[in-house]
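Subject: Structure for you to look over

Dear colleague,

I am passing on the structure we spoke of, with its sequence, and would be glad if you could keep it open while you read. My notes on it come after it.

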Amino acid sequence: MLFKIKSEGMKKESARRVVTHCQWLSRKAPGNIYPQDKVEYNLNSNFLFAVKGRYKIYLFSVLIFILSMMDNAQGQSDKVFRAGASTSNITPMLGEPIVGNFNEPLAENIHDDLHARALVLDDGDTRIAIVLVDNVGVDQAVLDEAKKLIFAQTGLPKDRVLIASVHDHSATSAGGKGLKRRGWLFGKPLDEYQTFLIRRIADGVQVAVKRLEPARIGWGVGKVPQHLFNRRYFMKEPVRNPFGGWDKVQMNPGIGNPKVVRPAGGTDPEVSFISVQSVLGRPIALLANYSLHYVGGVPANDISGDYFAVFANKIQKLLKAEDQDPPFVGIMSNGTSGDINNIDVLGKPTKKYKPYEKMQVVAEDVANEVFRVYQNIKHQNWVKIQAIQSELLLNVRRATPEMYEHITRILARPDTAKPLYHPLEKIYAQRILQMELEWPNQMYAPLQAFRIGDLGIAAIPFEVFTKTGLDIKAKSPFKPTFTIEIANGYYGYLPTPDQHEWGGYETWLSTNRVEPQASEKIVAELMNLFSKLK
Ligand SMILES: [Zn+2]
C-alpha cells in the first residue's frame, strides 16, 4: 500500500520535471537574445588554405577545439546567478501547547514572533529553495502539502525545495496535542495551525522568488566550540531505563554528577554559512549551520524563536543590513545536534542566567565568528546549482514479545501507582503502543543533496548525531559540506549503531523509530546522491 502511494507520487514528480524543463526552454527561446549571443568570431579562412597536408588537419582540429572552448565559456557567462529571500510570520495563536519537553505547557505569551525564513537561489538553469521553520519538528505529511502549494505557486518541484525545522523548543505543536503529534499523520485531516503554516511557508517561497535579483554568492566555515557539549555520558553504574532494562549511557546526568565517567561522543565545532549579496554588494541573505540542539532559558509558557532568531538579528546588525529594501534575511539552520546541547556537565556550576540571557551569549559568539570569517570570503558571480532527492526505504523498529508484555503490564497499572522502574515508563508504554498501532513496518525517508558550486548540503529528516554529521563532511566530494537535520519531515532521533548498543534516551523505542543501522544506510545513500552531482 505504502509502495503504491510512493510510485504514484514518483509519476507525478517526473511530470513536474517536464513542466519545469519546458519553462526553462521557453526562457531561452529565439528572440530572447542575450548580449553575449551576438559575439562573432572573425576568422581568416584563407589562413587555413595556406597550410598544407596533415598540418592543415591538425590546425583545423586545434581551431575547432578553441572554438568549442569559447562556446562553453560563452554558455556559462550568459547565465545570470540570482538570489531572493523572505521572512514569513508563522506565530501561532495563544493557548496552543508548546512542545519539545515531556509536558506541554500552553502558550500564554509571545516573547518574539516565529518565522519561516526562505532563501531561493537560481543559476539560470536550476532553481532551489531552502526554508527554515521556527518549530521543533514539522511532520512530512505537513511539509508535503507545503511543497504541493509551492509547486502550484512557483513551479518549483519538491526535489528542489528543502524545508527544515530549526528545532525550536519554544514553539507550539504543528501536529496536534499529546500523542496525536507522534502518530502517522499521512492522510489525516490538517488542523488550523498546520493549514496556516503550509500557507505561510509557500507564501514565503513565492515572495523570495519574486525578489530574485542578480546576485553574488560566497561561503565560509568558522569554529565556535565553546558552546557545544555531547549530552550523553557513560556512567560508573548501569542506569535503569523505562523498560526495566539497564543503559550504559545517560542523557543530561546533571552538572557535577559524581557517577559520570566520560562523554559518549564528540562535538562538531564548525559553523558553516552561505552569503548572498546583490551585484553592488548589498547583503541579501546569510544562511548559517551550527550543530547545537537549542539554547532555551525560556519561561515555560513563552513563545520564542530561541537563539536561531537571535542569530538572525545579530548577523543582520553586523552586516549593517538593517532597514534595507527588500529586507535582509538571516537564517540559522540546525546541523547534526541530536546528541549535543549547551550544558557543561563536567564543568563547575556556572552563573544562573536570566531568561533569554544565555541565548544572547551563544548567538553573539556564533554571529561574531561568522562575521570574522565573512570578511575574508570571496563572493562569486556565478556558480552551478544541482539538486537531487531520493526516498530511502527503512525498517521501522517493532516491539519484541517481551516489550509487548512489559507495556501491557505498565498500562494496566493505575495512574496513581508508583513507577516500577522509571518516572517515564507509562509515557513510553503509551508511545510504543501508539507506534505499534499506527506506524507501518517500513517507511521512506526523504533524503536530499544540493550542490552549490563546490559546496554541498545534505538534508535528513531525523535528529542526527554529530558523529554522522562529521562522517558526511569527511566523505562528501564537496568541500565544504554541511547537513541540515529535521529536513523534509521529522522521524525522531537517529543514533549510530554503537550508540544503540549503549542505550540512553535517544535510543529508546519511540524516541528512535527506525532500524539501528539506519544512520549508516543514510550516509551511504547521501554519498550516492552526491556522486551523481559531480
Ligand atoms: Zn530534540
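What follows is an account of what was found, from the whole chain down to single residues.

Please bear in mind throughout that this is a predicted model. The chain has 534 residues, of which 44% count as buried, and its secondary structure comes to twelve helices and 23 strands. Among the contacts with a separation of 6 or more, 81% are between residues 24 or more positions apart.

Helix H6 and its surroundings

The element I looked at in most detail is helix H6, which runs over residues 306-318. Its 13 residues should span 18 Å at 1.5 Å a residue, and since its end C-alpha atoms are 19 Å apart, the expected and the modelled spans agree. How enclosed is H6 by the rest of the structure? Ten of its 13 residues are buried, so H6 is largely enclosed; the buried residues are Asp-306, Tyr-307, Phe-308, Ala-309, Val-310, Phe-311, Ala-312, Lys-314, Ile-315 and Gln-316. The elements that cover them include strand E14 (283-290), strand E16 (329-334) and helix H7 (357-374).

With H7, the axis of H6 comes within 8 Å and crosses at roughly 45°, and the two helices are therefore oblique to each other. The crossing in which H6 passes H7 is right-handed. By class, this contact has twelve nonpolar, one polar and three charged residues. On the H6 side the residues are Asp-306, Tyr-307, Val-310, Phe-311, Lys-314, Ile-315 and Leu-318, and they meet Met-359, Gln-360, Val-362, Ala-363, Glu-364, Val-366, Ala-367, Val-370 and Phe-371 in H7.

On the strand side, Leu-286 is worth selecting in the viewer. Leu-286 belongs to strand E14 and counts as buried because it has 30 C-beta neighbours inside 10 Å, where 20 would be enough. Leaving aside neighbours within four places in sequence, Leu-286 is in contact with Phe-273, Ser-275, Ile-315, Leu-319, Gly-330 and Ile-331. The C-alpha atoms of Leu-286 and Gln-316 are separated by 8.6 Å, with their positions 30 residues apart along the chain.

Backbone features after H6 and elsewhere

Most residues other than glycine have a negative phi, and most peptide bonds are trans. Against that background, the stretch after H6 deserves a careful look. Just after the helix, Lys-320 takes a positive phi of about 50°. In the loop between H6 and E16, Asp-323 has a positive phi of about 55° although it is not a glycine; Asp-323 is exposed, with 8 other C-beta atoms within 10 Å. The loop between H6 and E16 also holds Pro-326, and a cis peptide bond joins Asp-325 to Pro-326, with omega about -5°.

Comparable entries turn up in other loops. The peptide bond from Lys-479 to Pro-480 is cis, with omega near -5°, and Pro-480 is found in the loop between helix H10 (466-475) and strand E22 (481-485). Asn-252, which is not a glycine, has a positive phi of about 45°; Asn-252 sits in the loop between strand E11 (246-251) and strand E12 (260-263) and is partly exposed, with 15 other C-beta atoms within 10 Å.

Helix H5 and Val-396

Two further sites complete these notes. Helix H5 covers residues 192-210, and its 19 residues should span 27 Å at 1.5 Å a residue, which agrees with end C-alpha atoms 27 Å apart. The buried residues of H5 are Gln-194, Leu-197, Ile-198, Ile-201, Ala-202, Gly-204, Val-205, Gln-206, Ala-208 and Val-209. These pack against strand E1 (82-89), strand E4 (115-122), strand E5 (127-133), helix H4 (140-154) and strand E6 (161-165).

Val-396 lies in the loop between strand E18 (385-395) and helix H8 (401-412) and, with 17 C-beta neighbours inside 10 Å, counts as partly exposed. Beyond its neighbours within four places in sequence, Val-396 is in contact with Trp-439, Pro-440, Asn-441, Gln-442, Met-443, Arg-513 and Val-514. One of these, Arg-513, is 117 residues from Val-396 in sequence, yet their C-alpha atoms are 5.8 Å apart in space.

With best wishes

Note on methods:
Residues numbered from 1 in each chain as written. Predicted model: local features only at pLDDT ≥ 70, side-chain atom pairs only at ≥ 80, totals over all residues. Helix = DSSP H or I, 4+ residues; strand = E, 2+ residues; numbered from the N terminus. Expected span 1.5 Å × (residues − 1). Buried ≥ 20, exposed ≤ 12 C-beta atoms within 10 Å, placed from the backbone. Contact = placed C-beta atoms within 7 Å. Axes fitted to C-alpha atoms, helices over the stretch in contact; angles between N-to-C directions. Parallel < 35°, antiparallel > 145°, perpendicular 65-115°, else oblique. Left-handed = near helix turned anticlockwise from the far one by under 90°. Nonpolar A, V, L, I, M, F, W, Y, C, P; charged D, E, K, R; others polar.
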